[in-house]
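Visitor: I would like a close look at one part of this model, taken strand by strand. Please keep it plain.

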Amino acid sequence: MDTRHSQALPPVRFLLTTLALLILFLPLRAGAAEPGTVKGTITDRTDGEAVVGASVMLENTTFGAATDLDGNYTIQNVPAGTYTMRVSSVGYSPYSRSVTVAAGQTITISPQLGQTTVMASEIVVGAALYEQDRLEVPITTCVINEEGIRQGNCASLDQVIETTPGVTVTRSAGYSAATVQIRGSNTYQGGGIGTRVNAFYDGFPINSPETGGIVWTNVNMNAADKVEIVKGAASTLYGSAAMGGVVNVFGSMPDKFEVKAGVSGGFYDSPPDSDKSEYRDDYTPWLWNAYVGIGNKTDKLNYSVLYTHSEDDGYRDNSQTELNDVKLKARYDIDSGQYLQLTSFYNETEAGYVSTWPYDLVTLGPGGAVYDPHPEKAYDLADDVYTDDTVKRKNILVGLNYVNLLNDDLSLDARAYYTRNEYRIDYNPSDTLQQYFTEDMLLSNSTLQSSVTGAGIGIGSTVAEGIWNSPGFPQAAFGFDQSAFTNQFLWAGYDPDGPGPTPAIPGFVPTFVDGFNANLTGFPYEREPGEFNENKTNRYGAGFKLDWRASDKHRFVFGVDGNIVDLNSTQYRAELPVPGELGDVQEKNIALFIQDEFKITDRLTALLSFRYDWSGIDADEVTYIDHSFDTASLSIIDTLVTTDPIANQSVDAISPRIALNYKAADDLSFRASAGKSFRAPTLAERFVRDAGLFVGNPNPAIDKETMTGYEIGVYKNFGNRVSLDVAAYLNEYEDLIESRNLNPTGFPIIFMYENLAKARIWGIESSLNVRPTDALNFNVSYAYMNAKDKTDREASLAGSQNPDPDWLQYRPEHTASVGAIWNATNRLTLNTNGRYVSKYKAVSTYPNPEGENYPGGFIVFNAGAKYKITDNLTGSFLCKNITNEQYEEAEWFRAPGRSFILGFDFVY
């Protein structure tokens, strides 16, 4: 049952109370008695043609409009006063000028915009929490606009950002484990645990509160018009877990009445003839997506509602997915100086829970388990018993912003939000016991039974009885007693002064291996009927931000944030898990920050930031089954239930940053920054016990991790046709939290999250954008990364079995991307893009000195076309993975091959 907590942290209660009173007593702005009007026409400076869809805003007000098909705009009911009018449109340089509106006056302003590269026309919000021109941004920020989102026909956020330089997305399959790293910030770990990238939707958090992983299904890209990626130490503004960077998604709302709908469908092509997977024999998996929405803008109200449904048969066995998503965004203008905005969504997904490709167990000895994988059957599961495993998600967000432009120099942005995340894995929905390496398999092995009888092991007459029925608490993930299996069958009691471990039963290991491979290709464990893993998380948050232009030289931003996380989980809990029951734990977070944008000279600007964070949980001890492995003696310690005090029940940190931007010319800027970030351990890292095939030990001593980052960069426009962005960075990590295998040469894998690394990651990123003609645009990017473990402990993260033992696992050394868009006619647009990820040098689960079957080492190209059939109807065609490249992003998880998608979009 769900457990609710009503007792909040006193500072958070004070924050919520203060915020409510602040909103209640803030004065409402009085509207001008005789408002004026600003109107005009926006045209292209080169040919005089109308610029359609340009945004025209009066800064620090709620007044704005978009140009129509003739380039015309009208802003009505403008109170008398002086404003800064800003005009922006993709492909054009931003335009701004001062505008004075007298009472009852109508003024006409008709700017001509000059064309430039897409990069130069970007307006960035996330770098400083307010709008900045691309040339004025002091830290590296990438923007993917609505055009870029639509051209790629991307259904989810991970597909939108995967070609960004310095960004690496690692996915297994379907809606199973996936993670994103920026500049090597984090590794690939099941469930996205410990992601060092924060993600936001209209400023509200969408990371899973218990694991920190980004829930990709929270963001259906049909409802987004821009994505910003802030790289580097971002904890100063965004808090814990932003030490790698931030992904900001901005939801869309129409500028006038709008009805839109769309449908797309396609299929996965057959794999090459070399593939021997049974899943694709005489079978073609299909996928489709449909959406419908309505929106409008009136004098006071602007809203958008969108519903999306998608289904995917899955390109490999048990990777099927189904999504239902509803998004509502609305804004109500109270008057010219204040408004309320609602951001909300509800989505639910159901998908198969995918295992690795098939493999054989070659040997099982003191040197560890050795496997023979079968990549030629990459679209199949390790064992058929996994085919009914499913994962279900439900995600809810309700966020409310209150914005009050108190005067020309001071504004308030207050917010409150609620999120609900549910995640459930059903391992065995049947009504019978599902076993992997069953009791019957052992009973039928006469040689093994003779060995057991001859050895005189006092646990009964059969091996099966000893493994499955011996006294003691069963291992959480496997369903059989690991201590009995290891100490009584694999190795005899170990003498520290002796030569090493010796077999407990002569001939057991080779016999076990033969029986293992003869009957199945999966780990030996069992699942009871109805067995599941589940997390239910409620997060309540609030905060406010004050933006104050103190003078021509100083602009201050001050803010306070806080949230409470209530988690109900089968395994992320302080007490010993009980099968089928959810335990509870609570986490509280509070922070305050201040930032000063200091105009040192007309061309040199400094951004000085400071943040304090506190994070704590309500548990003071943890009870767990200790599956520790003594790596010095190669001996499994007897399984026992233990209770330990939590050493770091709360953690806090100060995160400072200084960033500089020097605008050397109107088309050239230099930037540099230095900052410190931190991340509190997640609830999953504190309490994880079960990872499906592996067993986890909670860590009561885990502490925060920190990172100090440095960056220099340059941005240059070469006329209106070419722009170049280059950045170099150095990130120093202390007490990096990673999963460590407690028995790297043993069987099975037993892991624990520890502060076990001092790491250094440095690299160079470059992005070139070229527009040789008005109709053609190219972009090329390349990133080099050097990611090394600096602990001098023989690569405690990756393990000495990797080709490069000191390289941090799952960090690719080279990544690159290319893209081109050609507006062939007024109605036809063609586009293509590709990405390259070099072969990984280190992995954690299946390492080997030769690097065989390591992820990476691939080039994938996509191509698409859009044709405007009528003014309201557009058709599209997309081919993903044109060459049908067979590749992996995660160990032993084949990525999608070639697919074809045809779609139609209608807007009225």
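Visitor: In which sense do strand S3 (residues 55-58) and S4 pair, and over how many bridges?

Guide: Strand S3 (residues 55-58) and S4 pair in the antiparallel sense, over three bridges. This is a predicted model, in which local features need pLDDT of at least 70 and side-chain atom pairs count only at pLDDT 80 or more, while totals for chains, interfaces and linings use all residues. Residues are numbered from 1 along each chain as its sequence is written, and side-chain values use heavy atoms, with hydrogens and water left out.

Strands here are DSSP runs of E with at least two residues, numbered from the N terminus, and two of them pair if DSSP finds at least two bridges between them. Within the S3 and S4 pair, Ser55 stands opposite Ala66 in S4. These strands belong to an open sheet of four strands, ordered S4-S3-S6-S7, with antiparallel pairing. Strand S4 (64-66) and strand S7 (95-101) stand at the edges with a single partner strand each, so one side of each has no neighbour in the sheet. On average, neighbouring strands of this sheet are turned by 20° against each other, direction ignored; the axes are lines fitted to C-alpha atoms, and angles run from 0 to 180 degrees between N-to-C directions.

For comparison, take strand S15 (residues 197-201), where five of its five residues are buried. Buried means under 20% relative accessible area, exposed means over 50%, and partly exposed lies in between (1.4 Å probe, protein chains only). In a regular strand the side chains alternate between the two faces of the sheet. Both faces of S15 are covered: Val197, Ala199 and Tyr201 lie on one side, Asn198 and Phe200 on the other, and all are buried.

S15 has a parallel partner in strand S18 (residues 245-251), joined to it by five bridges. In this pairing Ala199 stands opposite Val247. With strand S16 (residues 204-205), S15 runs antiparallel and shares two bridges. There, Pro205 is the bridge partner of Phe200. S15 and S16 form a hairpin with two residues between them, and Asp202 in the turn has a positive phi of about 55°.

A charged-residue example is Lys327, placed in strand S22 (residues 321-335). Lys327 is buried, at a relative accessible area of 3%. The Lys327 side chain makes a polar contact of 2.8 Å with the side chain of Asp325. Such a contact is a pair of N or O atoms within 3.5 Å; within protein, one must be able to donate a hydrogen and the other to accept it, and residues adjacent in sequence count only if both atoms are side-chain atoms.
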